[in-house]
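Let's take a walk through this one together. Have the viewer open, and we'll go from single residues to the place where the chains meet.

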Amino acid sequence: MWTWIHKLGSPPHFYRISARLTPWFSWAALLLIVAGAYGGLYVAPADYQQLDGFRIIYVHVPSASLSLFIYVNMALAAAVGLIWRIKLAHAVAAACAPIGASFTFLALATGSIWAKPMWGTWWVWDARLTSELVLLFLYFGYMALRAAIDDDTRADRASALLAIIGVINVPIIKYSVEWWNTLHQPATISKMGKPSMDFDMLVWLLVMLAGFMCFFAAILLTRVRAEVLLRSRGQKWLRNTVEGS
Amino acid sequence: MDIPGLGTAFWLQVKRDLQLAFRHMGQLANPLMFFIMVTTLFPLALNPMPKLLEAIAPGVVWVAALLASLLAAEGLFRQDVDDGTMEQLALSPQPLALMLLAKTAAHWLITGLPLVIMSPIVAYALFLPRGAVPTTMAALALATPILSLVGGAMAALTVGLRRGGGLLSLLILPIVMPVLIFGARATDMAMTGMDPVGALYLLAALLLLAMSLTPFAMAAAMRISLD
């Protein structure tokens, strides 16, 4: 078990394994997302209040939960890289950031598209939307710091520390924003997600979520492979692998 | 030679930084001037009606304090890193976290405390009700050390970079957003006659958290930057 994990930390080994895993995740993602989209858009019954408008949650909720999941993932990878000095873990953290930022943006965009017909405006200073926006800023800060440092190892370690500081702050930001929101606005809105969902609706949401997870895994593996290629350029194993195949 | 104890080293460091700061009085006043000038901009840009100013006063005071501390964080470690003092601190037998905490404490005394002391005047200029002033001062006294500590950790991360300024604000602002929320809400609650003690407790809790964690983050960041 441990040797398997140790082996995974070596770039050549990871490069080989990820090449085999990526198609599996990609096909699983495609199948699950197509099935989930079909189920969510045609099979699931319309909401009694929001009618068909609620169907955007099949994109909104998976991207919102992934945006947070990826941030925690990034911080974990960063911590592993910082503590055990595994270069590959840093590559994973670096690859997570743009994906996470994209999902955060997607969650914000679908949220405001949903808000237009439901609440009448594109943007409301709702607790969830606001903390999602702050999360987007955290991603931007991470990517900006990484981009500002030229030296690879220093960029890795500095941004890893930033990700860890950020992940400690995420719950504080979330609860402070919620507290601010309940004080400021009467609880007229933001009922979304909370009420118990009908099973017919929920099951497609879970399918969609699994599909998004597989999609994330496939994209992550591809990005980390690209990162490994970039970092190991000029190394012997890479030449052997590329020329051998 | 005897190695000074931790407490002695801490006070010596604070004293040194204060002495250095008092020899450059001009730089000392910059964040304070900035704080006052930003608050002056609002009556000029908006309408100087007392009613309107009173309504926006809590937000203006807190945003201005946040921006002033952002400006101050920039110069926290730069000089010491440039002239090699920081390398000596990193090599010294005392833990780097403690020394950086001492530097941040001195920094707060120079840039944070004046904001707290000046805040009643700014509050008066913005027609903040008298009753809300003590709460605002207490909240600022709790919040400005947090801003200094978080600013210190981020300044340590970016100190080696040539183009630090814009980046630093991008790193600090999302992290300190809860401080702004609790602080402005404390002022707001005192204005509307509610009991602001809950918000103050939350600020105090954040201060304790920042004091216990950020020195280590600062030290780790500084070691990465010095590499």
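Helices here are DSSP runs of H or I at least four residues long, numbered from the N terminus. With that in hand, look at chain B in this predicted model: B:Phe127 sits in the loop that joins α6 (96-125) to α7 (133-158). Its phi is near 60 degrees, a positive value, and the residue is not a glycine. Is B:Phe127 buried, exposed or partly exposed? It counts as partly exposed, because 16 C-beta neighbours lie inside 10 Å, and that class falls between the cut-offs of 12 or fewer for exposed and 20 or more for buried.

Now hop over to chain A, where another loop residue has a positive phi. A:Arg85 has a phi near 55 degrees, again in a residue other than glycine. You'll find A:Arg85 between α3 (57-84) and α4 of chain A, in the loop. This residue counts as exposed, because A:Arg85 has 12 C-beta neighbours inside 10 Å.

Follow α4 (87-119) of chain A onward and you get to the loop leading to α5 (127-148), which is where A:Trp123 is placed. A:Trp123 has 14 other C-beta atoms within 10 Å, so it comes out as partly exposed. For a sense of the local geometry, check the distance back to A:Ile113: the two residues are 10 apart along the chain, and their C-alpha atoms are separated by 9.0 Å.

Next, the contact between the chains. Chain A puts in 22 residues and chain B 20. On the side of chain A that touches chain B, α5 and α6 (152-184) each supply at least two residues. Which helix gives the most to that side? That would be α6(A), with 13 residues. Sort the side of chain A by class and you get 17 nonpolar residues, three polar and two charged.

Finally, how far can you lean on the coordinates of chain A? Mean pLDDT for chain A is 84, with 90% of its residues at 70 or more. Among the elements of chain A, α3(A) has the highest mean, 91, while helix α1 (residues 2-8) has the lowest, 73. The stretch to watch is residues 186-193 of chain A, where pLDDT stays under 50. For that stretch, the model has eight contacts beyond four places in sequence. Where pLDDT is low, predicted coordinates shouldn't be read in detail.

Definitions and conventions:
Residues numbered from 1 in each chain as written. Chains lettered and ligands numbered in written order. Predicted model: local features only at pLDDT ≥ 70, side-chain atom pairs only at ≥ 80, totals over all residues. Contact = placed C-beta atoms within 7 Å. Nonpolar A, V, L, I, M, F, W, Y, C, P; charged D, E, K, R; others polar. pLDDT = per-residue confidence, 0-100.
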